[in-house]
Amino acid sequence: MPPSLAPTDVTRSVAEARAGYDRIAGIYDLVAGASERPYREQARALLALAPGEHVLEIGCGTGETLAQFARVTDHAVGLDLSPGMLRQAKRRLDALGLHAQFVEGDAHTLPFEDRSQDAVFMSFVLDLVESAQIPRFLSECRRVLRPGGRLALVAMSADGGNRAAMALYAWSHRVFPVLVD
């Protein structure tokens, strides 16, 4: 793999990530919404959430996908480490007349009971986790999933897709490591 596309590790702290997402919460959909939406929608469709199922969205951001889940089930939960993002998500769902539970937290230690979720969804969240912490992070997802539960995960990949976008991301990460993890 060319060095310009080589994966890079996360260098900012959780507190820095929280502050960064709080700062951009009001404009996040303008900055990243359109480019991320097709991938989120594909994963959401593959998750095939059914009415009555319990779904946890890790890193729910501004609530775009959470709103889709809330249209299907009364048991949708959005978790995000950024209070600013959670405020945006709550505003979105309130404006649509939808209901979900909102939880501020860090997914490294999920504040949910074992086997309490039928589905866990996350998009562009694993990219924000230190490589060494990914096994623990995914173990938490497994812990909260019921037997036969489903995990839908959207993540960046240097192996396919838009090589120009990946090269831009890798360059941005090297030049602005605290801003672009």
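Phe124 is buried in this predicted model, its relative accessible area being 17%, and with the cut-off for burial set at under 20% the residue falls on the buried side. Its ring partner Tyr39, by contrast, counts as partly exposed, at 44% relative accessibility. The points below start from the aromatic pairs, then take up the sheet, the helices that pack on it, and the surroundings of Asp118 in strand β4.

**Aromatic pairs**

- The count of aromatic pairs comes to two.
- Tyr39 and Phe124 make up an edge-to-face pair, with 6.4 Å from centre to centre and 85° between the planes.
- Because Tyr39 belongs to helix α2 (residues 28-47) while Phe124 sits in the loop between β4 (117-123) and α5 (134-144), this pair ties together parts that lie 85 residues apart in sequence.
- The rings of Phe69 and Phe121 have centres 5.3 Å apart and planes at 75°, so this pair is edge-to-face as well.
- Phe69 is in helix α3 (residues 64-72) and Phe121 is in strand β4, so that the pair links distant parts of the chain, 52 residues apart.
- Both of these rings belong to buried residues: Phe69 has a relative accessible area of 2%, and Phe121 has a relative accessibility of 0%.

**The sheet**

- An open sheet is formed by five strands in the order β3-β2-β1-β4-β5, and the pairing is parallel.
- Its edge strands, each of which pairs on one side only, are β3 (101-104) and β5 (145-154).
- When direction is ignored, neighbouring strands of this sheet are turned against each other by 20° on average.
- Strand β2 (residues 75-80) pairs with β3 in the parallel sense over four bridges, and here Val77 stands opposite Gln101 of β3.
- Strands β1 and β2 also pair in the parallel sense, over five bridges, with Ala76 in β2 as the bridge partner of Val55.
- On the side of β4, strand β1 is joined by four bridges in a parallel arrangement, and Leu56 is found opposite Val120 of β4.
- Strand β1 is largely enclosed by the rest of the structure, because four of its five residues are buried.

**Helices against the sheet**

- Helix α4 (residues 83-96) packs on the sheet, where it touches β2 and β3, and its direction makes about 175° with that of β3.
- Helix α5 lies across β1 (54-58), β4 and β5, and runs at about 140° to β5.
- Helix α3, which carries Phe69, forms a right-handed β-α-β unit together with β1 and β2.

**Surroundings of Asp118**

- Is Asp118, a residue of strand β4, buried or exposed? With a relative accessible area of 15%, Asp118 is buried.
- A polar atom of the Asp118 side chain lies 2.7 Å from the backbone nitrogen of His54.
- If neighbours within four places in sequence are left aside, Asp118 is in contact with Glu53, His54, Leu145, Arg146, Gly149 and Arg150.

Methods:
Residues numbered from 1 in each chain as written. Predicted model: local features only at pLDDT ≥ 70, side-chain atom pairs only at ≥ 80, totals over all residues. Heavy atoms only, no water. Phe/Tyr/Trp six-rings, centres within 6.5 Å; stacked < 30°, edge-to-face > 60°. Helix = DSSP H or I, 4+ residues; strand = E, 2+ residues; numbered from the N terminus. Buried < 20%, exposed > 50% of the residue type's maximum accessible area, 1.4 Å probe, protein only. Pairing = 2+ DSSP bridges. Axes fitted to C-alpha atoms, helices over the stretch in contact; angles between N-to-C directions. Contact = heavy atoms within 4.5 Å. Polar contact = N/O pair within 3.5 Å; in protein donor to acceptor, adjacent residues only side chain to side chain. Right-handed = clockwise from strand over helix to strand, strands pointing away.
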